[in-house]
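Me: I have a structure in front of me and some terms I want to test. Can we go through them one at a time?

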Amino acid sequence: METVTLTIKKQPDLRLEAEKITPDAFAGKSAAEIADLPVFEGRETAKLGTYFDVAGKGGATAAETKIVIKGDASRVKYIGMKMTAGEVLIEGSADMYAGAWMEGGKLVVKGDVDAFAGTGMKGGIFEIGGNAGNYLGAAYRGDWRGMQGGTIRVKGNAGSDIGYFMNGGTIIVEGDADVHVATHAEGGTIIIKGNGKSKIGGQMVKGDIYVFGTIDVMMPGFVYRKDVDLEVDGTRATFALYEGDMGERHGKRKGEVIYGKIYQKY
Amino acid sequence: MAKIVTDVVCPFCGTLCDDLEVKVTDDDKQILEVYNACVIGTEKFLHSQAKDRLKVPMKQDEEGNWSEVSINEAVEYTAQMLAKAKKPLMYGWSSTNCEAQSIGGEIAELCGAVVDNTATVCHGTTLIAVQDVGVPSCTLGEVKNRADRIIFWGCNPAHAHPRHMSRYSIFPRGFFTGKGHKARKMIVVDPRTTDTAKMADIHMQLEQGRDYELLSALRVALRGAPLPEKVAGIPRETIIDAAETLKSGRFVVIFFGMGVTQSLSKNHNIDIAIMLTKDLNEHTKAAIMPMRGHYNVTGSGEVLGWQFGYPFSVDLSRGFARYNPGDSSSNDLLRRDEVDAVFVLGSDPGAHFPISSVKKIANLPSVCVDPHYTPTTAVCKLHMPVAFVGVEVGGCTYRMDAVPIHARKVVDAPEGMLTDEEFLKMVLKRIKEIKGVA
Ligand code: SF4
């Protein structure tokens, strides 16, 4: 595997849009070719090399390319967008849309990510060492397909609207999550190891939510069914199972109605 | 002698009353009296007559001293600012006509700007919800003629849209609603006892920020599924009773305001309210409508919609239209230092944006186009006074139900005063010269 190291040397005046920072775009390119890739600040087009020092070269394919980003990339949007393979390691924080529409490979952010990270994600592994902003693994505006596959793990807390319109994949938040978890979800799994707030599973059609801590207010459309013993992300415990959202439409399988499920740890 | 101008449209709120009569002097220069309008509407007309009205553009220097400049200098400053910025924000548009809005869109496209209107701080969430789940709506005429179950959710028309209830929603006798308010049931959902709530048959005084739960509970009740004893502080029986009242109507209309669009849950409150409307359509006929504020904020959404495909927060910086409130919305852009110039027309962010955003505007090159002195004037570098749309110049405007109504000119603007459209056309022409496009 070849490694390309990007070290930020100039912060943008506004924010930088750099959807070309992916193993897919870097594969088969020399440092000079990578430095020549376009990035955008407002309506101005510039070169990646204007903002980053580029060292190393891309591998033959995306899968053989690793990108390491050094310095503060918290004003750089779209890192790892649509990546299909390979690795991206961001040593600091990233701005909005990190890993948006990601399809494969591994994206690791040591710091925080801003909103819309993992938007419409389809596959791959996405790890966030700090906190995630709002709309993690959610659908893009107007799309009814949120996160569809892959795994997102947040070591810190997550903002509101995680898994909005989610229909596949897994989101694990080791800290707390803000309001609106899996609103409109039609599948997928969300595990919140800290506390949840209110509006969890609202308008949920299908999917599983696990909450280890408290839930401020349970949605009125969720009905307690029974207690279950489960192992969830390495933790064995007894959970109270709620099904819902009773106000929402639901499909049937083998004559039985399929509901969304909230499991709350005792 | 004085004369009466009839069928005047009120350019204040989204009710866009079109039955006003205005008494003006024979020379078309002065408004003497306004009939049929509510107090706010009347004041809008009379305010155009203020003696201390700003008539010449004013520019602020580094030290904050204001001096008069010529119209050409104002055009030049505005054009240079927009042409040079990497990502200018062009905000407002809700208090002007569609003609001016469309020129604004042209400038924005040419300059790679973000165009955003006041929906960004009021009903933008509604527009997001509509894009997510669709919307069964209707016109205010249908409400007047057919609706017998009216909900006001998180809005207070008695104060914000004073003639809404008398013209359309509660009191009028329509074709199929001959008994007027006697045959209508009125439900108000509001944590406060507003003057609107005092008139309601059912007032659900819910806990602040629990609208989403209550809307969900109504959907659950409609499906006959079990409910907890209390939701949002409202007893189960009241919720079931409200659901039954709605089901038993011939035509339900849900009107909603900023009490739900800008409180906790924002767009989700609206998308679940729309889903409730959809559910009600399995039992009777139901529609839902936002109580839009500015008289032509709906028009701005329509114009941006046909120009760029999205109703607000349109980011054109990359040469194609992008739309993602939270990223491309005015306050997020200002908060995150993502824009480097601000152009305001037909609204007052100085009064309505958070102070942190207003401070950002104060530190950027900025232009305010407005007939009035406003709090925005104080933070902008240039203030360009213009004629009052709907008073001194006519034009296309859209009512809250998206019905276009042509506003009328009532009196002449002061001598030499440009309209929004004329000023924007001059700016567009100059930008084309600067950029060397034909
Ligand atoms: S209700 Fe609105 S449109 Fe009608 S007169 Fe009053 S302010 Fe004007």
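**Testing the terms**

Reply: Start with a helix in this predicted model. The buried residues of H17(B) pack against helices H2 (71-84) and H3 (98-111) and strands E17 (341-345), E18 (366-369) and E19 (382-384), which belong to chain B.

Me: Which residues of H17(B) are called buried?

Reply: Buried means under 20% relative accessible area. In H17(B), Asp420(B), Phe423(B), Leu424(B), Val427(B), Leu428(B) and Ile431(B) meet that label.

Me: What puts them on the same side of H17(B)?

Reply: Look at the arc around the axis. They cover only 135° of it, so they lie on the same side of H17(B).

Me: How do you know that the span of H17(B) agrees with what a helix should give?

Reply: Count 1.5 Å a residue, times one less than the number of residues. H17(B) has 16 residues, 420-435, so it should span 22 Å. Its end C-alpha atoms are 22 Å apart, and therefore the two agree.

Me: What follows H17(B)?

Reply: Gly436(B) does, with a positive phi near 70°.

Me: Why is strand E6 of chain B called largely enclosed?

Reply: Set its residues against the cut-off of under 20%. Five of the five residues of E6(B), 88-92, are buried, so the rest of the structure largely encloses this strand. Both faces are covered. Pro88(B), Met90(B) and Gly92(B) are buried on one side, Leu89(B) and Tyr91(B) on the other.

Me: What makes E6(B) and E17(B) a pair?

Reply: A pair needs at least two bridges. Five bridges join E6(B) to E17(B), and the strands run parallel. One example: Pro88(B) has Ala341(B) of E17(B) as its bridge partner.

Me: How do you know that E6(B) and E7(B) pair?

Reply: Use the rule of at least two bridges again. E6(B) and E7(B), residues 114-117, share four bridges in the parallel sense. In E7(B), Val115(B) is the bridge partner of Met90(B). The chain goes from E6(B) through H3(B) to E7(B), a right-handed β-α-β crossover.

Me: What makes helix H4 of chain B "mostly covered"?

Reply: Seven of the ten residues in H4(B), 124-133, are buried. They are Gly124(B), Thr125(B), Thr126(B), Leu127(B), Ile128(B), Ala129(B) and Asp132(B).

Me: What covers the buried residues of H4(B)?

Reply: Several elements of chain B do, including strand E13 (251-256), helix H11 (267-280) and strand E14 (285-290). Just after H4(B) comes Gly134(B), with a positive phi of about 80°.

Conventions:
Residues are numbered from 1 along each chain as its sequence is written. Chains are lettered from A and ligands numbered from 1 in the order in which they are written. This is a predicted model: local features need pLDDT of at least 70, side-chain atom pairs count only at pLDDT 80 or more; totals for chains, interfaces and linings use all residues. Side-chain values use heavy atoms; hydrogens and water are left out. Buried means under 20% relative accessible area, exposed over 50%, partly exposed in between (1.4 Å probe, protein chains only). Helices (H or I, at least four residues) and strands (E, at least two) are DSSP runs, numbered from the N terminus. Contact means heavy atoms within 4.5 Å. The arc is that of the directions from the helix axis to the C-beta atoms. A crossover is right-handed if, with the strands pointing away from the viewer, the path from the first strand over the helix to the second runs clockwise.
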